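The exercises below deal with helix packing, burial and salt bridges. Each task is followed by a solution in steps.

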Amino acid sequence: RRVQVVPELIDANSGDVKWQQNFDADLTDVFKVQSEIASRVVGALGVALAGTEQAELARRPTDNVEAYQLYLKGRSIVNTDPASLRECVGFLEQSVTMDANFTEAWALLSMQLSRLYVNGNRDPAVSRRAKEAMDRAVALSPDGARSRLAKARYLFLVAGESNNARMEMDQALRSSPNDAEVLAYAGTLDLDAGNLGTSLSNLERARASDPRSYNTLYALMQVYAFL
């Protein structure tokens, strides 16, 4: 029930360890551990954070650790076949049952249900659940990047409202211009609209922030193939 984390800062040119520190913590307060580690790393780098960035470090997405673990299990599923999406949805529905105010879980639940609707048999019950989850995320965080992302995906995949989806993504980009997931989905919408230059720019920025994202790499492959 305890964890030890040993973060290091390594000089990429020489391989020398510039900073290292041990953290021992109780797993019941994983968010405090994450925030403390991030703050110490930032301090070791000599980087000054803006007030909004400091607030983001201290923010807790949920107070329910079990709900957070279920959310992470859902996020870890990257395959988009119906069976994988249903497994992901199952974890997320358990998560929001444990914490009905967990915005990120509601948003991801809506996004995966929207994708399931398109990749499955277009079941009206699935589209209804996608909208309900999207509405809940928006109610909890009307201007949040994840809420806007969920709304954009629902509008694009389920409602077929490409222009409104693009408007939501523009708002999300303005509020979170460096969010890898927002950039990636904006790039996907640009690709669908045939705006290959803008799509490539957004997707490359997304890859720079999150180089391990399967969805970003797949979308980039498509853009380069078209180009």
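Axes are lines fitted to C-alpha atoms, for helices over the stretch in contact, and angles run from 0 to 180 degrees between N-to-C directions. The model used here is predicted.

**Exercise 1.** Determine how helix 4 and helix 5 are oriented to each other, and describe their contact.

Step 1. Helix 4 covers residues 82–98 and helix 5 residues 103–119; their axes lie 9 Å apart and form an angle of about 155°.
Step 2. Angles over 145 degrees count as roughly antiparallel. Helix 4 is therefore roughly antiparallel to helix 5.
Step 3. The two helices cross in a left-handed sense.
Step 4. On the helix 4 side, the contact is made by Pro82, Leu85, Arg86, Cys88, Val89, Leu92, Glu93, Ser95 and Val96. Helix 5 contributes Ala105, Trp106, Leu108, Leu109, Gln112, Leu113, Arg115, Leu116 and Asn119.
Step 5. Sorted by class, the residues of this contact are 12 nonpolar, three polar and three charged.

**Exercise 2.** Carry out the analysis for helix 8 and helix 9.

Step 1. The axes of helix 8 (residues 162–175) and helix 9 (residues 180–193) are 10 Å apart, and the packing angle is about 150°.
Step 2. Helix 8 is therefore roughly antiparallel to helix 9.
Step 3. The crossing of helix 8 and helix 9 is left-handed.
Step 4. Ala165, Arg166, Met169, Ala172 and Leu173 of helix 8 meet Val182, Leu183, Tyr185, Ala186, Leu189 and Asp190 of helix 9.
Step 5. Nine residues of the contact between helix 8 and helix 9 are nonpolar, none is polar and two are charged.

**Exercise 3.** Which salt bridges does Arg166 form with Asp170 and Asp190, and where do the partners lie?

Step 1. With Asp170, the closest N and O atoms are 3.2 Å apart. Arg166 and Asp170 are separated by about one helical turn, because they are four residues apart in helix 8.
Step 2. With Asp190, the closest N and O atoms of Arg166 are 2.5 Å apart. This pair links distant parts of the chain, as Arg166 is in helix 8 and Asp190 in helix 9, 24 residues apart.
Step 3. Asp170 has a relative accessible area of 29% and is partly exposed. Asp190, at 4%, is under the 20% limit and so is buried.

**Exercise 4.** Describe the salt bridge between Glu36 and Arg40.

Step 1. Its closest N and O atoms are 3.2 Å apart.
Step 2. Both residues belong to helix 1 (residues 30–45) and are four residues apart, about one turn of the helix.
Step 3. Glu36 has a relative accessible area of 32% and is partly exposed; Arg40 is partly exposed at 36%.
Step 4. A search of the whole structure gives 12 salt bridges. Arg75, Arg146, Asp179 and Glu181 are linked in a network of such bridges.

**Exercise 5.** Are Ser114 and Arg60 buried or partly exposed, and what does each touch beyond four places away in sequence?

Step 1. Ser114 lies in helix 5. Its relative accessible area is 0%, so Ser114 is buried.
Step 2. Leaving out residues up to four places away in sequence, Ser114 touches Ala130, Arg153, Tyr154, Leu157 and Val158.
Step 3. Arg60 sits in the loop between helix 2 (51–58) and helix 3 (65–75). With 39% relative accessibility, Arg60 is partly exposed.
Step 4. Under the restriction to residues over four places away, Arg60 touches Asp29, Phe31 and Lys32.

Notes. Residues are numbered from 1 along each chain as its sequence is written. This is a predicted model: local features need pLDDT of at least 70, side-chain atom pairs count only at pLDDT 80 or more; totals for chains, interfaces and linings use all residues. Side-chain values use heavy atoms; hydrogens and water are left out. Angles under 35 degrees count as roughly parallel, over 145 as roughly antiparallel, 65 to 115 as roughly perpendicular and the rest as oblique. A crossing is left-handed if the near helix is turned anticlockwise from the far one by less than a right angle, and right-handed if clockwise. Contact means heavy atoms within 4.5 Å. Ala, Val, Leu, Ile, Met, Phe, Trp, Tyr, Cys and Pro count as nonpolar, Asp, Glu, Lys and Arg as charged, and the others, Gly among them, as polar. Buried means under 20% relative accessible area, exposed over 50%, partly exposed in between (1.4 Å probe, protein chains only). A salt bridge is a side-chain nitrogen of Lys or Arg within 4 Å of a carboxyl oxygen of Asp or Glu.
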